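Trainee: Before we discuss this protein, may I see its sequence and model?

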Amino acid sequence: MPNCEMCGRGVGVLKRAKIEGAVLDVCDGCAVKGEVIRTPYAGGQRSGGTMRPAREVKVVEYEVVSGFGKVIHNARKGREWDVKKLSLVLHAKETLMHKIEAGKIKPDLSFAQRIEHALGVKLVEKVEEDEDDGKSAGSSRGGMTLADFVKVKKVKK
Ligand SMILES: [Zn+2]
């Protein structure tokens, strides 16, 4: 069983994530601290011969969208909030919010979701990965984002 390169936990499936500039194979818990490059990453899947039962589990990942800083900035401006107001609403440091808006710091998932609720924007996107058997060519991607977007618009007052 491969081990997470961050915390050392033994997990079945590792994710390749960029964390603080380093590319590591990590567990779910650690992956959210960085930017997932590829998921899932199963260690040593290559060995031919072993007949593993097909896993029906769909891997559902959530990622903070790229360009989050701009999204937050524009939404905040749209509400005519200054950074101070936003940081108060989020119970976050003003300097942190400046850095996030500048794209220097990427909020983690839970914080991104709080920003989503505060501003009525879309910051976290769902990434669904089929198991990597190369047979699911018919899976359609992209419909999800639009549906989510509509949902967000409804929330907005
Ligand atoms: Zn870990």
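**Contacts, cores and helix packing**

Trainee: Which residues does Phe68 touch, not counting residues up to four places away in sequence?
Mentor: Residues are numbered from 1 along each chain as its sequence is written. This is a predicted model, in which local features need pLDDT of at least 70 and side-chain atom pairs count only at pLDDT 80 or more, while totals for chains, interfaces and linings use all residues. Two residues are in contact if their C-beta atoms, placed from the backbone, lie within 7 Å. With residues up to four places away in sequence left out, Phe68 touches Lys106, Pro107, Ala112 and Leu123.

Trainee: Which element gives the most residues to the largest nonpolar core?
Mentor: A nonpolar core is a set of buried Ala, Val, Leu, Ile, Met, Phe, Trp, Tyr and Cys residues joined through C-beta atoms within 7 Å; buried means 20 or more other C-beta atoms within 10 Å of a residue's own, exposed 12 or fewer, and partly exposed in between, with C-beta atoms placed from the backbone. Of the 13 residues in the largest core, Phe68, Val71, Ile72, Val121 and Leu123 touch the most other members. Two or more residues come from each of α2, α4 (94-101) and α5, where helices (H or I, at least four residues) and strands (E, at least two) are DSSP runs numbered from the N terminus. The greatest contribution to this core, four residues, is that of α2.

Trainee: How many residues does the other core have?
Mentor: This second core lies apart from the largest one. Among its members are Val26, Cys30, Ala31 and Val36, and its residues number eight.

Trainee: At what angle do the axes of α2 and α5 cross?
Mentor: Two packed helices are described by the angle between their axes and the distance between the axes. Axes are lines fitted to C-alpha atoms, for helices over the stretch in contact, and angles run from 0 to 180 degrees between N-to-C directions. The axes of α2 (residues 68-78) and α5 (residues 109-119) come within 10 Å, and the crossing angle is roughly 25°.

Trainee: Which residues of α5 make the contact with α2?
Mentor: On the α2 side, the contact is made by Phe68, Ile72, Ala75 and Arg76. The partners from α5 are Ala112, Ile115 and Leu119.

Trainee: Is Val59 buried, exposed or partly exposed?
Mentor: Val59 lies in strand β4 (residues 59-64). Its C-alpha is 6.0 Å from that of Glu128, although the two are 69 residues apart in sequence. Because 16 other C-beta atoms lie within 10 Å, Val59 is partly exposed.
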